[in-house]
Amino acid sequence: MVLAEMGDRIKGALQQMRNATVVDERVFTECLNEISRALMAADVQIRMIGTMQANIRKIVNLKERAAGHNKRKIIQQAVFDELCCMLDPGKPVFVPRKGQPTVVMFVGLQGSGKTTTCAKYASYYQRKGWKPALVCADTFRAGAFDQLKQNAEKVRVPFYGSYTETDPVKVAEEGVERFKKERCDMIVVDTSGRHKQEAALFEEMRQVAEVTNPDLVVFVMDSSIGQAAFDQAQAFKQSVAVGAVVVTKMDGHAKGGGALSAVAATKSPVIFLGTGEHMDEFEAFEAKGFVSRLLG
Ligand code: GDP
């Protein structure tokens, strides 16, 4: 995973800054430039890197004026805080409550790993003692229901879908209604994707959200989409109230920087990482811990 390489480069830049006899403007600028190069190599959007540089400068200049502060420590802390902020903008994410009916709707392009993620997410809660259920509101892709059914059976979670109904809004509404009656407390709604962003897809997402009234909408993205992440995430955010991000295929060769763009575009935190095709290859994500490990 290239994010680890990014972490190593940032660590190296900070180490060089710490080793300098005097941390003057030249050393500080070189440190920021090396951090920027590391982010760029990981596919983080150029505009975001510019913002990050400006934020770090602002914090460092401000704190430096307060006497008695160690500049090395100030810079280090500012870099840490900015990286955390890029992965979690600090907006509180919806926290489901066990025993209360919760609807979580997943959106994303075809192939992003959405159906797999829905099953992993349901299974994650099941292992914690919840009563989850899966609704397949993807009537667009042939075989989508079979795939969800297979995954649902694998993790032994009840599912709902239809081979004949072509209206995804209807299937979503019926499924959610049924599982609410059955007192499921984590109703996961899988939706259609398309190969590309298109108006029909976003209108469908809007309608599915309208009838299912989700407590949380999760945007699923493939970690390898890189620079395309920002626009893609923003397009979904404009049609439904995305509140969290799941980044899939973190086990591959993806650079991972796109995740930071998706966070910026949706102003929502990354909550899980997909790390493989198996149902248990799914990790809860927390920005501070991740950045701490990254910069170790
Ligand atoms: P959807 O079209 O968005 O519903 O995507 P799918 O759930 O069908 O996933 C597309 C492909 O990616 C499938 O072959 C999945 O097994 C695979 N996949 C999903 N998540 C991951 C992951 O975290 N890591 C890896 N390596 N493969 C994944």
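**Close-up views of a predicted model**

**View 1. His69 and its contacts.** Leaving out neighbours within four places in sequence, His69 is in contact (heavy atoms within 4.5 Å) with Lys63 and Ile74. The model is predicted: local features need pLDDT of at least 70, side-chain atom pairs count only at pLDDT 80 or more, and totals for chains, interfaces and linings use all residues. Residues are numbered from 1 along each chain as its sequence is written, and side-chain values use heavy atoms, with hydrogens and water left out. His69 sits in the loop between helix 3 (46–65) and helix 4 (71–87); helices (H or I, at least four residues) and strands (E, at least two) are DSSP runs, numbered from the N terminus. From His69 to Arg18 the C-alpha distance is 14 Å, with their positions 51 residues apart in sequence.

**View 2. Thr21, in the loop between helix 1 and helix 2.** Helix 1 covers residues 2–19 and helix 2 covers residues 25–41. Is Thr21 buried or exposed? Thr21 counts as exposed because its relative accessibility is 77%; buried means under 20% relative accessible area, exposed over 50%, and partly exposed in between (1.4 Å probe, protein chains only). Thr21 and Glu173 are 152 residues apart in sequence, and their C-alpha atoms are 65 Å apart in space.

**View 3. Ser162, in the loop between strand 3 (159–160) and helix 7.** A relative accessible area of 23% makes Ser162 partly exposed. Which residues does Ser162 touch, not counting those up to four places away in sequence? They are Phe145 and Val171. Ser224 is 62 residues from Ser162 in sequence and 32 Å from Ser162 in space, C-alpha to C-alpha.

**View 4. Arg183, a residue with a positive phi.** Its phi is about 60°, although Arg183 is not a glycine. The loop that holds Arg183 runs between helix 7 (168–181) and strand 4 (186–191). Arg183 counts as exposed, because its relative accessibility is 70%.

**View 5. Asn213, a residue other than glycine with a positive phi.** The phi of Asn213 is near 45°. Where is Asn213 found? Asn213 lies in the loop between helix 8 (199–212) and strand 5 (216–222). With a relative accessibility of 59%, Asn213 counts as exposed.

**View 6. Residues 269–282, a span listed by UniProt.** An unreviewed UniProt entry gives this span as "domain: SRP54-type proteins GTP-binding"; such annotations may be inferred rather than shown by experiment. The span is 43% strand and 0% helix. Between the C-alpha atoms at the two ends of residues 269–282 the distance is 16 Å.

**View 7. The setting of the close-ups: a protein with 11 helices and eight strands.** The C-alpha trace spans about 70 × 35 × 30 Å along the principal axes of the protein. Of the 296 residues, 53% are buried. Among contacts between residues at least 6 apart in sequence, 77% join residues at least 24 apart.
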